[in-house]
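Colleague: Could you take me through this structure? I would like short answers with the reasoning shown.

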Amino acid sequence: MIRNYLKVAWRNLVKNKVFSFINIAGLAIGLACFTLIGLYVADELSYDRYHTKASRIYRVDSDILFGGTEQKLAVCSDPMGATLKNDYPEVEQFTRLYTSQGAKRVKKGNVFITEQDVANADSTFFAVFTFPSVAGNTSTALNEPNTVVLTASTAEKYFGSIDVIGKTIETTENGSTLYKVTAVIEDMPRNSHFIFDMLFSMDNVDYGWGNYLSHNFHTYIVLQRKTDPKKFAANFSQVIEKYIVPQAKQFMDIESMEEFEKAGNKLEYTLMPLTDIHLRSDKRVETGANSSIQYVYIFSAVAIFILLIACINFMNLSTARSANRAKEVGIRKVLGTERGTLIRQFLTESTLTALISLGISLAIAWTVLPVFNEISGKDLSLTQLFGSRFLIAFLLLPIIVGLLAGSYPAFFLSSFQPIMVLKGKLGSGMKKSYLRSGLVVFQFAISIILIIGTIVVYRQLNYIQTKKLGFNKDQVLIINGTGALREQGDAFMNDVLAMKGVTSGTFSGYLPIASSSRSDNTFSKEAVMSSENGFNMQVWTIDENYIGTMGMEIKQGRNFSKDFGSDSTAMLINESTAARLGYSDPIGKSVYANDGAGVMTAYTIVGVVKNFHFESLRQSIGPLSFVYGRSRWATSFRVNTTNIQGLIKQIETKWKTLVPSMPFSYRFMDDAFDEMYRTEERVGKVAISFAVLAILIACLGLFGLATYMAEQRTKEIGVRKVLGATVGSIVSMLSRDFLKLVAISSLIAFPLAGWVMHVWLRDFAYRVELGWWIFLVAGLLALVIAILTVSFQAIKAAIANPVKSLRTE
């Protein structure tokens, strides 16, 4: 019997090729989209969950508001972890990471290689995090100074083997430093909020230990089982009063945190769950670029909506097409077929169609996965489906959809009285369905929301790329690691400046781009700092050529000059700092900085720089100052040449002449700037891809319904043509109802899309406006697409010869 059901089902699929294609293609594309987005979301949610103690690991974060400047930091002070471990039994263990030393140059053969993914770690690192050992004992690997732990791929890179315990690597720290390899671990999984290739001993960090006021360490604690993190976090107020306030009194006129807070300031420490860092932490000094839970919500909704559109198509066309089978049901019932047999037949047909769609969807997903990986920046594989939680749902989904879609013809049509069906008294009542109309409205409402979202995302990205930043990021070549030149740095600078096509140059360790150095300090208007006059701001060391090379503008006063010996204690400030100080003319005024040892150093303001964006456009422009000096670890040149590769080759040749064993590395400022918005760029590409697919699936359904309606009204169209109706009037008649549905969809979609995009744009301090024209364009685009989709079938029906449709009458 089952074989008979399948045979009949296959015959019906073959007989109705157009409807079968639309049904199968629409559902297959929908399932493929659902699969790809499902893999993406599952990967995003998997970050850091592989650690044995993941549910009990927390990072200690800092939230500092001082003098109107707020800093949300992913780091805290160096003694914080040990203090929590010693004072509170709820803390099982702690560990720290220190990344402020930046990249290290490591010797391989006769040359040095720049390693970016490095950190110094406490000896307790492997007691907190789970990274399986390949060689050596990780529990004691970092107990001593001058020790290092390598990943397996890094060991292979430098030694050609993982059997490297006891061997040494050389870095350029302090001229030359040797580290002994004490352990090799498996490569860190890509779904980790930090990925390092080398972990060096914390004992090699040159730092003023014990300073509760300096925040530079990523600190992680493991809480004892059954410890409530919210209750434990209340202990931070005790830590502040016991340890931090006494240190603050050494350089600041402050008696208590209550006084500090009454002046509008704040110092808070919070616990960030390890498994939340990747999606819920967007703070300064992160160990790597994180994503956002918003994008997980958005993509999850998009996946569900696309699948709903595909399922709606499937059910709409299945129920619409079933009306044409009413006579088949009547004849089969007259011939003695039982209702149960008919039910099973219809359910088998729809389920078979859905299962075919499932198979095709997997083929589509497998084919486009490499492209999807490139767009999304992931390394996903369909094999992840078999270990993921949504595998069962994914396999059951087409079966459920098939059963639901088949339930209408199965239970409704099979209940007809044969005599009524054969008299043709059911067809007319089935031509109009409010359910089908509602589903079409739902489909196009989703499509319009996706269109609006795509337009807004791309407008915001374009705004970021074209906004006046206060500096000129174009045609600036950055040479990395120029600290390796040491005393030859000035010679390198002069030689490059003499090259054709180079217009200016500056030592530029501090740059307004991602992954550049940052340094902040506490300042005050008066020699004695207090809660009222103190504030926090960035302080960058620059030379006299920095402002001009970066294309920045001096609004008041002058730039630094090597002709002024007093510039060693001079300062440039930005407009935000001038506003914070409250001076209408700050030139000649003094600002006092804390040197960390209780001594206040006076700086004289000699110029005001026009505000420029030195952080992401998600943040407003905060206070920033410049002091005179040389930050030699990076050097920037403004260039003006059409032969940029030739110039780079010249610079590299000069580099190799001066330091042949050191790696030559460069980048362009505009590329580095764009890295800050790589996530949004990827989201934009993924969004437009799925928006197009959603519209395509919706159009497939609309095309199918238009075809069905034209077939149902063939005789009516014939009569109208015989009575003198024009092709235009018939096309208008057939299209009118569908266009009304699209208009209703727009009215529903506009407020929903407006709310969603308003929430997304709130993350940017500088953003585009949600203009009314965006909604109009989206609505008109959906309308045009619908007209083109429906018109094809409407015109085809309108120009058909009426004789063919009326000859049986």
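Modeller: We will go through a pocket, a surface patch and some salt bridges, and the model is a predicted one.

Colleague: What is the volume of the second largest pocket?
Modeller: A probe the size of a water molecule, rolled over the atoms, shows where empty space is left. For the second largest pocket, the volume comes to about 660 Å³.

Colleague: Which residues are closest to the centre of that second largest pocket?
Modeller: The lining of the second largest pocket is made of 29 residues. Closest to the pocket's centre are I298, A301, V302, I449 and V756.

Colleague: Which helix gives the most to the lining of the second largest pocket?
Modeller: Four elements give two or more residues each: helix 10 (293-322), helix 15 (434-466), helix 21 (678-712) and helix 23 (727-761). One of them gives nine residues, the most to this lining. That is helix 15.

Colleague: How many charged residues does the lining of the second largest pocket have?
Modeller: Sort the lining by class. There are 26 nonpolar residues and three polar ones. The count of charged residues is none.

Colleague: Which helix gives the largest share of the nonpolar patch?
Modeller: The patch on the surface is formed by L355, I392, L396, I399, I400, L403 and L404. Together they have about 610 Å² of accessible area. Six residues of the patch come from one helix, residues 391-412. That is helix 13.

Colleague: Is I399 buried or partly exposed?
Modeller: I399 sits in helix 13. Its relative accessible area is 31%. Buried would need under 20%, and exposed over 50%. So I399 is partly exposed.

Colleague: How far apart in space are E349 and L403, C-alpha to C-alpha?
Modeller: E349 lies in helix 12. E349 is buried, with a relative accessible area of 9%. In sequence, E349 and L403 are 54 residues apart. In space, C-alpha to C-alpha, they are 9.3 Å apart.

Colleague: How many salt bridges are there?
Modeller: Side chains of opposite charge can pair when their charged atoms come close. The cut-off used here is a nitrogen of Lys or Arg within 4 Å of a carboxyl oxygen of Asp or Glu. By this rule the count is 27.

Colleague: How many residues apart in sequence are the parts that E44 and K378 tie together?
Modeller: The side chains of E44 and K378 meet in a salt bridge, at 2.3 Å from N to O. E44 is in helix 2 (residues 17-45), while K378 is in the loop between helix 12 (339-376) and helix 13, so the pair ties together parts of the chain whose separation is 334 residues.

Colleague: Which residues are linked with E44 and K378 in a network of salt bridges?
Modeller: E44 and K378 are both buried. The network of salt bridges holds these two and two other residues. Those are D43 and R190.

Colleague: Is D61 buried or exposed?
Modeller: D61 meets K283 in a salt bridge, at 3.0 Å from N to O. The pair links distant parts of the chain, 222 residues apart, with D61 in strand 1 (residues 57-66) and K283 in the loop between helix 9 (277-280) and helix 10. K283, at 21% relative accessibility, counts as partly exposed. D61 has a relative accessible area of 0%, so D61 is buried.

Colleague: What is the relative accessibility of R280?
Modeller: R280 pairs with D276 in a salt bridge, at 4.0 Å from N to O. D276 is partly exposed, with a relative accessible area of 23%. R280 also counts as partly exposed, at 46%.

Technical notes: Residues numbered from 1 in each chain as written. Predicted model: local features only at pLDDT ≥ 70, side-chain atom pairs only at ≥ 80, totals over all residues. Heavy atoms only, no water. 1 Å grid on protein atoms, 1.4 Å probe; cavity = no way out; pocket = protein on both sides within 12 Å on 5 of 7 lines; lining within 4 Å. Points joined across faces, edges and corners; volume = space filled by probe spheres on them. Nonpolar A, V, L, I, M, F, W, Y, C, P; charged D, E, K, R; others polar. Patch = residues over 30% accessible without salt bridge, like charges linked within 9 Å, V, L, I, M, F, W, Y side chains within 5 Å. Areas by Shrake-Rupley, 256 points an atom, 1.4 Å probe, with all protein chains shown as cover. Buried < 20%, exposed > 50% of the residue type's maximum accessible area, 1.4 Å probe, protein only.
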